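This briefing concerns a pocket and two helices, and it is written for a reader who wishes to check each statement against the coordinates.

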Amino acid sequence: MFGKKAGTEELEAFYPIRPECVAEIPKTRFKPRAGKTLSARRWQAAFSETGCLDIAKVLRRIQRGGIHPSIKGLVWEFLLGCYNPNSTLEDRNQLRQQRRERYSMWKTECRNMVSVIGRGNFITTPIITDDGQPIEVEGCRVTSAVSDKKVAQWMLILHQFGLDVVRTDRALAFYEDKANQAKLWDVLSIYSWVDDDIGYVQGMNDICSPMVILLENEADAFWCFECAMRRLRENFRCSTTSIGVQSQLGTLSQVIKTVDPQLHKHLEDLDGGEYLFAFRMLMVLFRREFSFLDALYLWEVMWAMEYNPNIFWSYEQPDGASDSNYGQLNQKMLKQYGKFQRKNLETGYADKNNALAVFLVASVLETKNKQILKEAKGLDEILGDITGNLDAKKACQEALKLQNKYLKKAKRP
């Protein structure tokens, strides 16, 4: 699993880059490390005879060294709450089959309205007018005028994320195959139909793409994305008066103001006190700041650090799942929480906008503190071009230190 070539060359075999794009992508820093990275062997050893997962053991490995590419998709399903670690293999197989059937039903429903769905193709031009009249598009048939408001709103945006699909991770050889682009488009199409409250917002393609790449079965990729969106969907809730990550930007402002008042004052002087320059990083979880593989490493370490053992039941039974009182949690139970979430439990800090991503942005700002104070004269100079210049592992370590510093200084809610 971790041979002498357990570095960039091995990783490129999992996520090959198109030759003409090699020079333009950020350098990958992540490398699987024996004894630290969660390997396929360690992953299998973490299951009991009945299939129950020792999540504490898995979290410990991931937080030390990420996940080996060969098992990322399988592990992500647990980190994101698709499955309960205390479930048996039989339980999970049954739930997986139920979900696949439900996805198939939704896909059929969508294909009956837009014929191109599920056909290995996708659209990049409008298929109806603003008043619901069909537009003739090759390979896609809308037979009659659309009067239903939900259907019309959905059809009007289908081509928009078709355009985004074309641009998504285009340096990866995976998306040279149009069928794979169509798979991504299908998942986004069906998600936007099912969750019409959010629908589709640019950036969701960046979140969904890794799931489509890591999980071969399209329905499994959909449900992994659906669970990720349960954590992130408010990031994408935008209106004419507010942006989805506004609450997190407010928390970021409070964090910097608390741990580094001088930097916060300087940012305010630059009209950056609302921290809008961090909008993209929070919305798509640093996908644009890191190489593909480093972004995946960052995500899984974040999700492991934020892990809450009640996550599955909070999705399946929203009214019945809650964290136990901290005083009632023994050490064995506490180990089932990620480091970041455990610290929040210990301090009684319950702000839902207190995401690790906020402290990651804060750690980037703190790392560039001297440079910002000395050189930044405008908003576009606050972060500069940081693409490829960040170390995901160090950023996570610094984020935990900042969380600790902030919680010590901040008053409990």
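The points below take up the second largest pocket, and then helices α7 and α9.

This is a predicted model, in which local features need pLDDT of at least 70 and side-chain atom pairs count only at pLDDT 80 or more, while totals for chains, interfaces and linings use all residues. Residues are numbered from 1 along each chain as its sequence is written, and side-chain values use heavy atoms, with hydrogens and water left out.

**Second largest pocket**
- About 840 Å³ of space lies in the second largest pocket, a pocket being an open set of points on a 1 Å grid over the protein atoms alone, where a 1.4 Å probe fits, with protein on both sides within 12 Å along at least five of seven lines.
- Its lining (residues with an atom within 4 Å of a point) comprises 28 residues, and I25, P26, D169, A171 and F292 lie nearest the centre.
- At least two lining residues come from each of α1 (8-14), α6 (149-167), α8 (204-214) and α13 (292-305), and α1 gives the most, with three.

**Helix α7**
- The 17 residues of α7 (residues 178-194; helices are DSSP runs of H or I, at least four residues) should span 24 Å at 1.5 Å a residue, which agrees with end C-alpha atoms 24 Å apart.
- Of these 17 residues, 14 are buried, meaning under 20% relative accessible area with a 1.4 Å probe and protein chains only.

**Helix α9**
- Because 13 of its 15 residues are buried, α9 is largely enclosed by the rest of the structure.
- At its N-terminal end, N217 acts as a cap, with a side-chain oxygen 2.9 Å from the backbone nitrogen of A219.

Terms used: Points joined across faces, edges and corners; volume = space filled by probe spheres on them. Expected span 1.5 Å × (residues − 1). Buried < 20%, exposed > 50% of the residue type's maximum accessible area, 1.4 Å probe, protein only. Polar contact = N/O pair within 3.5 Å; in protein donor to acceptor, adjacent residues only side chain to side chain.
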